[in-house]
Amino acid sequence: MQHTIRRLALLAFACAGLSACTNRPQSLYQWQNYQADVDSYFRSDKLSPEEQTRQMEEGLQKIKANGATPPPGYNAHLGLLYGQQGRPDLFVQQIEAEKLQFPESEKFMDFLLRNFKK
Amino acid sequence: MKPIQWMRLACTLLALILLTGCATHKPYDYTAFKASNPKSILVLPPINDTPEITASNAVLSYTTRPLAESGFYVIPVTLASETFKENGLTQANDIHATPIAKLHEIFGADAGLYITISRYGTVYQVVGSASIVSATAKLVDLQTGAQLWHGSASASSDEGNNQQGGLAVLLITAIVKQVVGSLTDESYRIAGVTTSRLLTAGTPGGILYGPRSPRYTPEIKP
């Protein structure tokens, strides 16, 4: 039994090593948990908006500390979370950050600034 | 040669012919894609042809990463979804039918990605079960309406589990699978595999790299 467990552990280790090798060589962005954050947002039963915001802020600090770039939508989605918690100032701040990082977003971000300010 | 040997040889040859037949794909025609040269993509909420109601948002959640890493700006999917809702559009079918001029006016995206999910969820088999997610997609220029690209992909949680043969191994895998995480969460993970296969640039027949990627090759105008 002991032996089997050791072999299983070794196999798992080898698999982990192999899958690490198949990762893309370099990433354009540092993702943190952005896609899982979006996933949680849509499955509203999973995490409270406050907890989602806290995790995303923590992720953003890590991205900044590494001198990396957040992916498209990261700042904007964080802004949405703030907006829904009655923080229009932070909503605007994050939307502006998205616009600055990605000029391609300008049209939609301006639309949001005009329409979602409540 | 004995007849059996002849048969074996014939079989091998036939298999070889069939294999080479499969290997020669017609190269994908990227003329429209290159002419349009999109920089930003709006992913519309996917049409869900399966009974699993969570499928649309699950697939939508995992579309940003492959597209962004391929070099495109992706319109924030949650905000786009909320914007559709604010405008009374909650059904993916209705959203897909929205005039492209309207989409371009609000989101400012160069192209729209229209996804349809054909399979989503758990398939029960003799031993254990598998989560399968299949989807097709088409990329449309939001100013001209031209189709720039289309493709499809599928992923299953059972991939790569079959090499180690033997019923005992299969049974153990089945037990482990039921213990580790719920099958719903597994479907989400598989949705992520499907979207990255579907939407990663540089694969045969896949989308092209966008301007933010170092591998982007701009079209040289004559």
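A residue counts as buried when its relative accessible area is under 20%, computed with a 1.4 Å probe on protein chains only. The exercises below apply to a predicted model.

**Exercise 1.** Decide whether Tyr73(B) is buried or exposed, and find which residues are in contact with Tyr73(B).

*Solution.* Begin with the relative accessible area of Tyr73(B), which is 0%; because the limit is under 20%, Tyr73(B) is buried. Next, place the residue in the fold: Tyr73(B) lies in strand β3 of chain B. Then list its surroundings, leaving aside neighbours within four places in sequence: the contacts of Tyr73(B) include Lys39(B), Ser40(B) and Ile41(B) as well as Phe102(A), Glu104(A) and Met109(A). Ile41(B) is 32 residues from Tyr73(B) in sequence, yet the two C-alpha atoms are 6.2 Å apart in space. Finally, look at the side chain of Tyr73(B), which makes a polar contact of 2.6 Å with the side chain of Glu98(A).

**Exercise 2.** Describe the interface between chain B and chain A, starting from its area.

*Solution.* The area buried between the two chains is about 3200 Å², and carbon and sulfur atoms give 61% of that area. Glu69(B), Tyr73(B) and Leu79(B) supply 21% of what chain B buries against chain A, more than any other three residues. Counting residues next, 37 of chain B are in contact with 35 of chain A.

**Exercise 3.** Find which residues form the salt bridge between the chains.

*Solution.* The count between chain B and chain A is one salt bridge. Glu104(A) and Arg212(B) form a salt bridge, with their closest N and O atoms 2.7 Å apart.

Definitions and conventions
Residues numbered from 1 in each chain as written. Chains lettered and ligands numbered in written order. Predicted model: local features only at pLDDT ≥ 70, side-chain atom pairs only at ≥ 80, totals over all residues. Heavy atoms only, no water. Contact = heavy atoms within 4.5 Å. Buried area = accessible area lost by both parts, 1.4 Å probe. Salt bridge = Lys/Arg side-chain N within 4 Å of Asp/Glu carboxyl O. Helix = DSSP H or I, 4+ residues; strand = E, 2+ residues; numbered from the N terminus. Buried < 20%, exposed > 50% of the residue type's maximum accessible area, 1.4 Å probe, protein only. Polar contact = N/O pair within 3.5 Å; in protein donor to acceptor, adjacent residues only side chain to side chain.
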